[in-house]
Amino acid sequence: MKPITLLGSTGSIGTQTLDIVAQYPDRFRIVGLAAGRNVTMLAAQIRQFRPEIAAISDAEKLPELKQAIADLDPQPILLAGQAGIIEVARYGDAEAVVTGIVGCAGLLPTIAAIEAGKDIALANKETLIAGGPVVNPLVEKYGVKLLPADSEHSAIFQCLQGVPDKGLRRILLTASGGAFRDWPVEKLSEVTVADALKHPNWSMGRKITVDSATLMNKGLEVIEAHFLFGLDYDDIEIVIHPQSIIHSLIELQDTSVLAQLGWPDMRLPILYTLSWPERIYTDWQRLDLVKAGNLTFREPDHEKYPCMQLAYAVGRAGGSMPAVLNAANEQAVELFLSEKIRFLDIPRCIEWVCDKHQSDNRANPSLDDILAADEWARRQVLEASQVLSDRVVSVR
């Protein structure tokens, strides 16, 4: 059995990872679990999977967690707070750590796991977007594997199996188009939180679903692809593919194009990160191309999705700028989900903050530089939202 640790166990990635572990108990064993603040779900996971160690991010919830599993024998080590999450990440004999924590909060635990010599199943794209200049050298230094667990980068990684060094010419990232792919741009001023959370294809957490609606998720994936696969930004393209059957494509030097196809199901890329280089038989629904029907493609609308262009510009700027973009986006999405700004204010806040950071961009940022840029950007978004506040109306 392959021992694994799971960070973000109560989120969408976490629960689907545990579905896989439950389905293949002879292949995988849980060493550690870390979650946010859902005590009830985490306690149930501890009972079912019996980790050696577990942590809850909200330290105030630790007594409740201890009480919820007080009858278990043996008891796991129970920790709390960011220090507890980091300890879980580097603990024990886990060979791989699945990083399902949302946002930049996953950066420090991921670094701790890398420094402990553990392979990373990367479901937290922010780790590379904000921390790529630090994380990539650490991956090389400690000789660990960093395998992408999100659908698009997993598709690219799968297509690259067997491709010779320097054989990759171009990456084509597919995007569903999110909740508003069929909305006219004029109607976006009316968007509510409920509207933004209605993803047509995928079941995901609230933050990434909003990112899909703005297409910032695809812009962030462009930056992540740059760090994962080493291509220039001019060679990473986005194409709208509403059916979400082709999860991404690669073009080789001879113009051959390879694609990975499947139903929209996050379990498949997660499983591949855990089983690579093997392929494990599953009884999941098999792809029926006749049932899938037409597969269509179109160029993204840059007027409707300004976040894409922002991400490309920030990626090319490099340095600490991607950390600022990522943090600004996280804070702006949080404000939108709290109904404190409108949907169209998300890219406005992000652009305002990124423009402000240009003169302070660090070309070769340290981890401290990245963390400082992250904290600064979040404060600046709050300031930007105040500038916009005279236009804010209720979006309930």
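**Figure 1. Confidence across the predicted model.** The protein chain of this predicted model has a mean pLDDT of 94. A pLDDT of 70 or more is reached by 97% of its residues. Residues 392-396 are a weak spot in confidence, with pLDDT under 50 throughout. For this stretch, the model has 10 contacts beyond four places in sequence.

**Figure 2. An open sheet of 4 strands.** The strands run in the order β9-β8-β10-β11, and their pairing is mixed. β9 (236-240) and β11 (257-261) form the edges, each pairing on one side only. Neighbouring strands are turned against each other by 20 degrees on average, direction ignored.

**Figure 3. Strands β10 and β11, with a helix on the sheet.** β10 covers residues 246-252. β10 and β11 pair in the antiparallel sense, and 5 bridges link them. One residue to find is L249, whose bridge partner in β11 is A259. Helix α7 (residues 151-160) packs on the sheet. This helix touches β8 (168-175), β10 and β11. The directions of α7 and β10 make an angle of about 40 degrees.

**Figure 4. The second largest pocket.** This pocket holds about 450 Å³ of space. It is lined by 18 residues, and those closest to its centre are L268, I280, T282, W284 and Q285. Helix α11 (residues 267-275) gives the most to the lining, with 5 residues. Sorted by class, the lining has 9 nonpolar, 4 polar and 5 charged residues. How is such a space found? Rolling a probe the size of a water molecule over the atoms shows where empty space is left.

How values were computed: Residues are numbered from 1 along each chain as its sequence is written. This is a predicted model: local features need pLDDT of at least 70, side-chain atom pairs count only at pLDDT 80 or more; totals for chains, interfaces and linings use all residues. Side-chain values use heavy atoms; hydrogens and water are left out. Two strands pair if DSSP finds at least two bridges between them. Helices (H or I, at least four residues) and strands (E, at least two) are DSSP runs, numbered from the N terminus. Axes are lines fitted to C-alpha atoms, for helices over the stretch in contact, and angles run from 0 to 180 degrees between N-to-C directions. Contact means heavy atoms within 4.5 Å. pLDDT is the predictor's confidence in each residue, from 0 to 100. On a 1 Å grid over the protein atoms alone, a cavity is a set of points where a 1.4 Å probe fits but cannot get out, and a pocket is an open set with protein on both sides within 12 Å along at least five of seven lines; lining residues have an atom within 4 Å of a point. Grid points are joined across faces, edges and corners, and a volume is the space filled by probe spheres set on the points. Ala, Val, Leu, Ile, Met, Phe, Trp, Tyr, Cys and Pro count as nonpolar, Asp, Glu, Lys and Arg as charged, and the others, Gly among them, as polar.
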